[in-house]
Amino acid sequence: MNSVSRISRIAAVLAGAAVLTASLTAQARELSISTVLSDAFPWGQAAEKWAELVEERTDGELTLRVYPNSQLVNGDQTREFSAMRTGLIDMAVGSTINWSPQVPELNLFSLPFFMPDEAAVDAVTGGAAGEMIFEAIKSRGVIPLAWGENGFRQLSNSRGPIDEPGDLDGLKIRVVGSPLFQDTFTALGADPTQMSWADAKPALTTGAVDGQENPLSVFDVARIDQVGQEYLTLWNYMNDPLIFAVNEQVWATLSEEERKILRETAVEAGEWEIAMTREQESERLAAIQERGVQVTELTEEQHRAFVNATQSVHEKWYPRIGQELIDAASQEIEAR
């Protein structure tokens, strides 16, 4: 073999190696998913389920690595949407509450006592209002794919039973970094104290705050009863849907088949997580009561008192959320 032939053969081998390396690199592509809670909670399990389904459907060519406990944003859950929009995070299974400072339309779900039951939540997320919300998210550089659910949020405290607005007078209640929550608890006479979830449990432990509001799944798994939260009021004052989403620029780099798989698996993981969260609700409540927590269930009259006390919050926030969206959601709730 002459020198030219040898050189050509070596070049061919090197070229083949380069193609193989590129192929392996493409197969090993990994995207990050941010979540606020770990897989000890349904929220974290939703992200893990999504990752599992994607790896299975793509034969490992696309993998999703879950980063729980808001670690990609140094524990500040309200920065998650901004970090995803700018590309610091590829994907997220995020809360409508945490994303609402950047997407005002998401405050729809945080309006106190606006969503009366699970059927109302499903009517909104599955209808025209849900589509309007997804368009609002998309217009801000993030592609929403599916819904999940953190659940209806209940109120706990260390002082005593709460069954009327006056019982909240002066109580320091930990709330997330959303102005609407500040307004809601101020309207009820409480002293809302904003802090991240990472700081909440220590603050409850020391008595820096008297109470907090979260779904039963969070109260149960995080054992909030162990930090003095002996009183729990079931008031379903708002629901916190989750949203599966991906950065717009990342989405643009995916093939049509990869996009199809990501969307389908997000929907599947979301439906799975919603069903699981709702099925476990009664078991969680029973477990919480067995641990000695005093549970208060509101009568219709007591519930109405809280609704009336927070009407001013609706009046203030309707213009910020958008009347067209409010009307669409109200019609869907009425028709559920």
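**Exercise 1.** Find the salt-bridge partner of Arg57 and state how exposed each of the two residues is.

*Solution.* Arg57 pairs with Glu268, with 2.9 Å between the closest N and O atoms. A salt bridge here is a side-chain nitrogen of Lys or Arg within 4 Å of a carboxyl oxygen of Asp or Glu. Next, locate the partners: Arg57 is in helix α2 and Glu268 in helix α11 (residues 256–279), 211 residues apart. Helices (H or I, at least four residues) and strands (E, at least two) are DSSP runs, numbered from the N terminus. Last, Arg57 has a relative accessible area of 34% and Glu268 one of 32%. Both values mean partly exposed, the class between buried (under 20%) and exposed (over 50%), with a 1.4 Å probe and protein chains only.

The model is predicted: local features need pLDDT of at least 70, side-chain atom pairs count only at pLDDT 80 or more, and totals for chains, interfaces and linings use all residues. Residues are numbered from 1 along each chain as its sequence is written, and side-chain values use heavy atoms, without hydrogens and water.

**Exercise 2.** Work out which strands are tied together by the salt bridge of Arg153 and Glu213.

*Solution.* The closest N and O atoms of Arg153 and Glu213 are 2.5 Å apart. Arg153 belongs to strand β4 (residues 142–157) and Glu213 to strand β7 (residues 211–215), so the bridge ties parts 60 residues apart in sequence. Arg153 is buried at 3%, and Glu213 is buried at 0%.

**Exercise 3.** Place Asp225 and Arg291 in a network of salt bridges.

*Solution.* Their side chains meet at 3.1 Å, N to O. Asp225 is buried at 14%, whereas Arg291 is partly exposed at 28%. Through shared partners, Asp220, Arg223, Asp225, Arg284 and Arg291 form one network.
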